[in-house]
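Reader: I should like to go through this model in a series of questions. Please show the sequence and the structure before we begin.

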Protein chains: 2
Amino acid sequence: MDKNGKISSAVIRRLPKYYRYLGELKKMGINKTSSKDLSQLTGFSASQIRQDLNNFGGFGQQGFGYDVDNLHLEISKILGLDKKYKLVIIGAGNIGQAIANYTGFYEADYEVVSLFDKNPKLVGLSIRNAIIRDIDDMEIYLNEEKIDIAVICTPQSVCQQIADRVVASGIKAIWNFAPKDLKMPEDVYVENVHLNESLFSLTYYYNHFNNEK
Amino acid sequence: MDKNGKISSAVIRRLPKYYRYLGELKKMGINKTSSKDLSQLTGFSASQIRQDLNNFGGFGQQGFGYDVDNLHLEISKILGLDKKYKLVIIGAGNIGQAIANYTGFYEADYEVVSLFDKNPKLVGLSIRNAIIRDIDDMEIYLNEEKIDIAVICTPQSVCQQIADRVVASGIKAIWNFAPKDLKMPEDVYVENVHLNESLFSLTYYYNHFNNEK
């Protein structure tokens, strides 16, 4: 925790991993765990894990470890996974459609309620009960519905302009798949999934690990 | 650079971003840039950028800045984007199909040459010239073709087993979209795109930024 009482982003990035491993332990019927067990599962050190959890009150008892169900539940509450979220996807191309079809957000309650696109061949179609609407109708829709998160899957050339429009309609959280860093007001949080950058880093390591090729 | 002469992963993660911004400058017809300009574009400090590039020899002249074309080319060579790569995708569901259809790996020369799935309804179909083959034929295919990168888009329950099979066939680079941390030999590099963890972090910040809701 920094001097403003803000939890560092590195801690926040580790929480979903703890949540996932605790979910796996739960499924296996394991009730108790320790920072040492979690260390072996996650690859983070036991002291790192204790320190991370201490930011939120600890949840464990010395010499006793953690109750798996309870810790899983507490982390889900910290992340906010105990609530429901409505998502819209802007750009109903390959990535947008894949996210709309994705069922991997297990346990957590995310609902894609609509997609938007400018392609008339896509407008009117549905993906899992979510209609693809005309991008020109986006503002009216966003003003009428209470949407939590906008997922941007447009081409790079229009993503900033789309993000500006989304934010002007009151959206505060953006999940951005377009390969660009969005310039946004300070009260808007952007989480990027930059597939190119991920693949390019992998390519560097592939070449580095395999110098003989 | 650490004491073994290894470039830190934080530097490697920033290179694709430099590459992208330099590509944008190039498109705009801009020939010269400086660490100060790049700092404004990328959000990293000018000294950070100079330090990062110094790991590879610098490329700039004091008081003169960087030649955009040259720096773009040099970074592409460092990442290995001047070579061709053959990819296979394992799991031809939503995410696998989206990656196969994705055209966003602009400039770089990646080719998805085949997909694999166990679903008989998918086997035999093609996505952009890449045939979806039966997962049971994967080893024969991987032994015959020289594949650089395996993209794992299977369900979580089978991803470790699939990764083990892929590695047993000689693959050294894995781009993993399954929500699990793969346990792999040391000479295999795994790059994870964990969509759940990304969305869960976003959710934390959404709740944190919007305490009043």
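Reader: Which handedness does the β-α-β unit made by β7(B), helix α7 and β8(B) have?

Author: The structure is a predicted model. Within chain B, β7(B) and β8(B) run parallel and are joined by four bridges. One of the pairings across these strands sets Ala150(B) against Ile174(B) in β8(B). Together with helix α7 (residues 156-168) of chain B, the two strands make a β-α-β unit that is right-handed.

Reader: Are the two faces of strand β8 of chain B covered or uncovered, and which residues show this?

Author: Strand β8(B) is joined by four bridges to strand β9 (residues 189-192) of chain B, with the two running parallel, and Ala173(B) has Tyr189(B) in β9(B) as its bridge partner. A residue counts as buried if 20 or more other C-beta atoms lie within 10 Å of its own. By that criterion both faces of β8(B) are covered, the buried residues being Ala173(B) and Trp175(B) on one side and Ile174(B) and Asn176(B) on the other.

Reader: In what order do the seven strands of the open sheet in chain A lie?

Author: The edge strands of chain A are β5 (126-127) and β9, each of which pairs on one side only. At one edge, β5(A) pairs with strand β6 (residues 130-134) of chain A in the antiparallel sense over two bridges, and Ile127(A) has Ala130(A) in β6(A) as its bridge partner. At the other edge, four bridges join β8(A) to β9(A), and these run parallel. With mixed pairing, the order is β5-β6-β4-β3-β7-β8-β9.

Reader: Which residue of β9(A) does Asn176(A) stand opposite?

Author: Asn176(A) is one of the residues of β8(A) that are buried, and it shares neither side with Ala173(A) and Trp175(A), lying on the other side with Ile174(A). Strand β8(A) is joined to β9(A) by four bridges. In β9(A), the residue opposite Asn176(A) is Asn192(A).

Reader: What angle does the direction of α7(A) make with that of β7(A)?

Author: Helix α7 (residues 156-168) of chain A belongs to a right-handed β-α-β unit with β7(A) and β8(A). The helix α7(A) packs on the sheet and touches β3 (84-90), β7 and β8 of chain A. Its direction makes with that of β7(A) an angle of about 170°.

Reader: Which helix of chain B lies across β3, β7, β8 and β9 of chain A?

Author: The contact between the chains takes 46 residues from chain A and 46 residues from chain B. A helix of chain B runs at about 175° to β9(A). That helix, residues 195-209, is α8 of chain B.

Reader: Which element supplies the largest share of the side of chain A that touches chain B?

Author: At least two residues each come from α1 (9-27), α5 (94-101), β8 (173-176), β9 (189-192) and α8 (195-209) of chain A. By class, this side has 25 nonpolar, 12 polar and nine charged residues. The largest share, 14 residues, comes from α8(A).

Reader: Which element of chain A is included in what covers the buried residues of α5(B)?

Author: Helix α5 (residues 94-101) of chain B is mostly covered, with seven of its eight residues buried. Among them are Ile95(B), Ala98(B) and Ile99(B). The cover includes β3 (84-90), β4 (109-117), β5 (126-127), β6 (130-134) and β7 (149-152) of chain B, and from chain A it includes α5.

Methods:
Residues numbered from 1 in each chain as written. Chains lettered and ligands numbered in written order. Predicted model: local features only at pLDDT ≥ 70, side-chain atom pairs only at ≥ 80, totals over all residues. Contact = placed C-beta atoms within 7 Å. Nonpolar A, V, L, I, M, F, W, Y, C, P; charged D, E, K, R; others polar. Buried ≥ 20, exposed ≤ 12 C-beta atoms within 10 Å, placed from the backbone. Pairing = 2+ DSSP bridges. Right-handed = clockwise from strand over helix to strand, strands pointing away. Axes fitted to C-alpha atoms, helices over the stretch in contact; angles between N-to-C directions.
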